[in-house]
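Student: I have a two-panel view open and would like to learn how to read it. Could you take me through it feature by feature?

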Amino acid sequence: MAKILLEMKNITKTFPGVKALDNVNFQVEEGEIHALVGENGAGKSTLMNVLSGIYPYGTYEGDIVYDGKVCQFHKIKDSEKLGIVIIHQELALVPEMTIGENMYLGNERGHKFAIDWNTTYSEADKYLRMVGLSESSKTQVKDIGTGKQQLVEIAKALAKQARLLILDEPTSSLNEEDSRALLDLMLGFKKQGMTMIIISHKLNEVAYVADKITVVRDGSTIETIDNRGPEPVSEERIIKGMVGREMTNRFPKREGVTVGDIQLEVENWTVHHPLYPERKVVDNVSMYVRKGEVVGIYGLMGAGRTELAMSIFGQTYGTNISGEMKIDGKPVKIKKGAADAIKHKIAYVTEDRKGNGLVLSQSIKVNTSLAHLDAISSHMVIDGDKEYAVAEEYREKLKTKTPSVEQLVGNLSGGNQQKVLLAKWMFAEPDIMLLDEPTRGIDVGAKYEIYCIINDLAAAGKCVVMISSELPEVLGMSDRIYIMNEGKFVGEMKASEATQENIMALILQSGRGD
Amino acid sequence: MNENKMSVGAFFQKYTMIIALVVVVIFFAILTGGKNLLPGNINNLISQNGYVFVLAAGMLLCILTGGNIDLSVGSVVCFTAAVGCVLMDNNVNMWIAVLAMLAIGLLIGTFQGFWIAKLHVPAFIATLSGMYAFRGFSNVVLGGYQVSVTNETFLNLFGGGAKCYVPDFIRQAMGTTGKPNLTCLAIGIVAVLIFIGLKVRKILIQKKLNIHQSIPAQLATTAIISAVAIWLTLKLASHKGFPTVLIWIGLVLGIYQYITTKTAIGRHLYAVGGNEKATALSGVKTRNVYWFAYASIGLMAGLAGILTAARAKGIDPTYAEGYEMDAIASCFIGGASAYGGVGKVSGMIVGAVLMGVINQGMNIVGVDSNFQKVVKGLVLLLAVVFDVLSKRQKR
């Protein structure tokens with residue numbers, strides 16, 4: 001057996017309110033490509049952030065043993081010194097600077113007060129050739145495509161004398177051809193003795209490139225699959241590890257709901273990217289939702305789910321939106337901006353509650369009323385007592401755990417923040433609720449409570465669209481499921497007919513199709 | 001609920017600036033042998049800093065939207081004052097001049113707000129250009145010279161000259177003269193009674209609705225504010241009565257307190273500063289919120305122009321330089337967040353008073369004016385550092 005280069009022992013990492021990693025053990029042999037797979041929020045990136053020192057020593061429990069020694073990384077520089085280099089999913093390049101400047105940013109050649117530009121550019125060129133780029137290192141980063149930018153990131157990592165290279169979703173923004181080139185590059189590096197960890201959602205790529213595959217689920221490592229046999233491991237085998245969990249009692253039963261008429265209907269809905277208008281983010285999607293129905297939209301990250309929901313919600317995402325929308329059978333044109341969407345009784349509960357859902361510096365009370373201030377004010381003057389009563393009512397209804405509704409939302413746990421966000425949109429009295437990842441980043445108990453709220457909404461005759469990248473959740477909660485991949489709906493099933501395997505198969509087929 | 005059990009640390013954290021203010025007042029009282037608490041000096045403190053309160057109120061709204069500031073207000077104050085003074089100098093009716101000054105201020109604010117709100121020009125740059133431009137326009141309007149105001153009504157009404165006090169109607173009716181100013185006393189006491197009445201009513205409503213908020217704490221703040229108001233009234237009554245500028249300050253602070261706490265637009269200001277994306281997705285037209293903030297500070301600059309012209313009995317192209325900084329400093333010392341979304345009118349008042357007390361104290365002691373600026377700078381830095389540190393502890 002080859003030498004173990006890295007061993008992470010009993011790693012536990014807690015965020016306020018959530019246990020992101022629970023006693024994780026993880027081993028990487030020298031000279032192998034090791035893949036980490038799991039659903040969104042399973043803890044893959046957290047684990048890598050612990051390893052690279054982004055979460056410094058002391059903020060987690062457990063040991064990192066690298067090259068036979070126990071390490072304590074206080075900052076990224078500490079881990080980079082030992083050759084552990086991480087390439088993040090979002091490209092971290094400065095577009096206005098040259099490739100060479102980017103590669104040695106924070107790692108400048110020559111003296112601190114006199115950068116040696118000749119060395120910088122000649123070394124940069126050397127590493128660019130190693131990753132198969134023929135560009136000059138004096139080219140500005142904004143002038144090269146995303147695929148090449150990803151390669152520049154790798155060259156940058158090589159320039160740091162990487163021994164253990166971590167690639168977080170390296171192909172998520174690349175097309176098929178660029179992805180394949182990158183994977184082959186990785187195999188080339190392996191021959192030269194480099195050790196690599198790859199995090200990826202694309203299981204076909206993982207099966208192609210990895211020697212071993214470790215599955216992470218709910219903050220724990222579930223199993224490590226050996227992929228060095230003559231036949232690559234089947235994707236179905238990996239999926240089973242990713243999603244195969246006990247399904248008993250994780251979802252509350254919905255009782256006594258009568259599904260009514262079609263309320264929301266969208267036909268041939270196409271949305272273009274706001275910055276690159278030639279790119280279709282949502283491609284010719286048609287869907288309908290009935291009153292009292294919970295419709296799941298399943299897709300991996302970047303499938304266009306959020307974009308679809310936001311474009312329906314007053315065109316708050318995208319340009320050149322085309323297609324027809326009907327509410328209660330009547331065609332409607334919603335003006336740009338959330339205000340008109342709210343007037344049409346649509347609510348969008350964002351996936352990013354901190355980023356664009358809640359005002360963290362304000363109280364629960366203020367957040368609850370924000371989308372529907374009219375209801376508690378007359379002539380633009382707020383009735384503070386009424387507002388308090390409303391906030392209290394929703395606190396009780398949703399069982400939000402807080403000493404008072406005057407509490408700042410920023411001080412609440414993720415699950416309770418999510419409840420405040422739901423309260424805000426329930427108070428806006430919508431008929432159509434678009435829930436985007438309503439249980440992201442919250443623990444199992446809080447999830448169950450959110451599911452109960454969703455069921456109550458459906459029981460009250462609302463039509464609920466639930467977007468999720470957690471398959472069990474989609475299967476457990478929906479009446480009907482749309483499956484989305486690369487901007488298109490690639491399938492529609494009744495929940496009773498759907499299984500994890502056939503949904504995943506649909507996505508994989510559509511991915512291979514083009 | 002938990003306010004009842006507020007720890008000593010939390011108490012200090014919440015009322016830092018008020019405690020600092022008390023300490024500074026006592027410090028200067030000892031240093032000047034109590035001179036800074038003489039009725040005349042209390043009166044001057046208000047009269048000299050009238051413009052700060054008015055501008056800081058407007059500035060607070062801008063800062064709330066996301067730490068945005070308005071650098072142009074000093075120049076706009078000078079410009080509006082210049083136009084008003086020139087108009088009055090040419091025998092235009094005083095009220096027309098006053099309205100013109102307010103209208104010009106509002107117009108300039110709306111104009112600058114347009115670039116900021118609709119074209120996304122950074123507020124810093126839009127108002128920096130205004131700062132240059134309106135300083136230049138002031139010079140043009142004034143022809144480079146000082147223009148003075150002689151209109152007695154204007155001076156008396158807006159806090160300039162020797163008679164800019166609310167006359168003692170009660171003693172006039174009684175046919176006597178002398179001190180204390182009975183009208184001043186009467187107004188002060190009535191105002192405090194109304195204030196207490198409103199507070200009690202609020203507490204009763206809270207009790208009825210079963211809203212959990214510490215009643216002793218509310219009673220305590222009410223008592224302290226009432227006591228300070230009565231003390232101020234006694235001081236002013238034993239001088240010459242209420243300076244007229246206090247009416248305008250009170251009016252502005254009252255309106256801004258109302259806007260920030262009770263109105264939808266006030267709520268939107270806090271929300272935009274706290275999380276603009278979330279606010280936009282809640283159906284608020286966020287750009288209009290910016291526009292409102294800048295229009296409002298323009299109007300306040302117009303009013304400050306009136307107060308400045310009255311106090312100085314005229315205007316000179318170099319007047320009102322650096323007024324924007326006084327306003328900005330008051331807001332930040334008063335606990336407004338440099339990132340927006342956090343800040344209160346009450347805090348801003350404390351900040352402005354603290355700056356004023358330090359200024360005046362140093363003047364009485366006879367500190368060199370250059371050194372005074374150093375102290376001002378340090379106070380601002382310390383206040384913000386303290387704010388940042390106390391927030392870090394919380395996390």
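Tutor: We go through the conventions, then each chain, then strand pairing and helix packing.

Tutor: This is a predicted model, in which local features need pLDDT of at least 70 and side-chain atom pairs count only at pLDDT 80 or more, while totals for chains, interfaces and linings use all residues. Residues are numbered from 1 along each chain as its sequence is written, and chains are lettered from A and ligands numbered from 1 in the order in which they are written.

Student: What does the secondary structure of chain A come to?

Tutor: Helices (H or I, at least four residues) and strands (E, at least two) are DSSP runs, numbered from the N terminus. Chain A has 17 helices and 24 strands. For chain B the result is 18 helices and two strands.

Student: How does the radius of gyration of chain A stand against that of a compact globule?

Tutor: The radius is taken over C-alpha atoms, and the globule rule is 2.2 Å times the number of residues to the power 0.38. For the 514 residues of chain A the rule gives a value near 24 Å, and the chain has 25 Å, which agrees. Its C-alpha trace spans about 70 × 45 × 45 Å along the principal axes. Chain B, with 395 residues, has 22 Å where a compact globule would have a value near 21 Å, which also agrees.

Student: How much of each chain is buried?

Tutor: A residue is buried if 20 or more other C-beta atoms, placed from the backbone, lie within 10 Å of its own. That holds for 46% of the residues in chain A and for 45% of those in chain B.

Student: Which strands does β13(A) pair with?

Tutor: Two strands pair if DSSP finds at least two bridges between them. Strand β13 (residues 262-272) of chain A runs antiparallel to β14 (residues 280-290) of chain A, with seven bridges; here I262(A) is opposite R290(A). With β16 (residues 319-327) of chain A, β13(A) forms six bridges, again antiparallel, and E267(A) is opposite E324(A).

Student: How are α10(B) and α11(B) oriented to each other?

Tutor: Two packed helices are described by the angle between their axes and the distance between the axes. Axes are lines fitted to C-alpha atoms, for helices over the stretch in contact, and angles run from 0 to 180 degrees between N-to-C directions. The axes of α10 (residues 182-209) of chain B and α11 (residues 215-237) of chain B come within 9 Å and cross at roughly 170°. The two helices are therefore roughly antiparallel, the term for angles over 145 degrees.

Conventions. Buried ≥ 20, exposed ≤ 12 C-beta atoms within 10 Å, placed from the backbone. Parallel < 35°, antiparallel > 145°, perpendicular 65-115°, else oblique.
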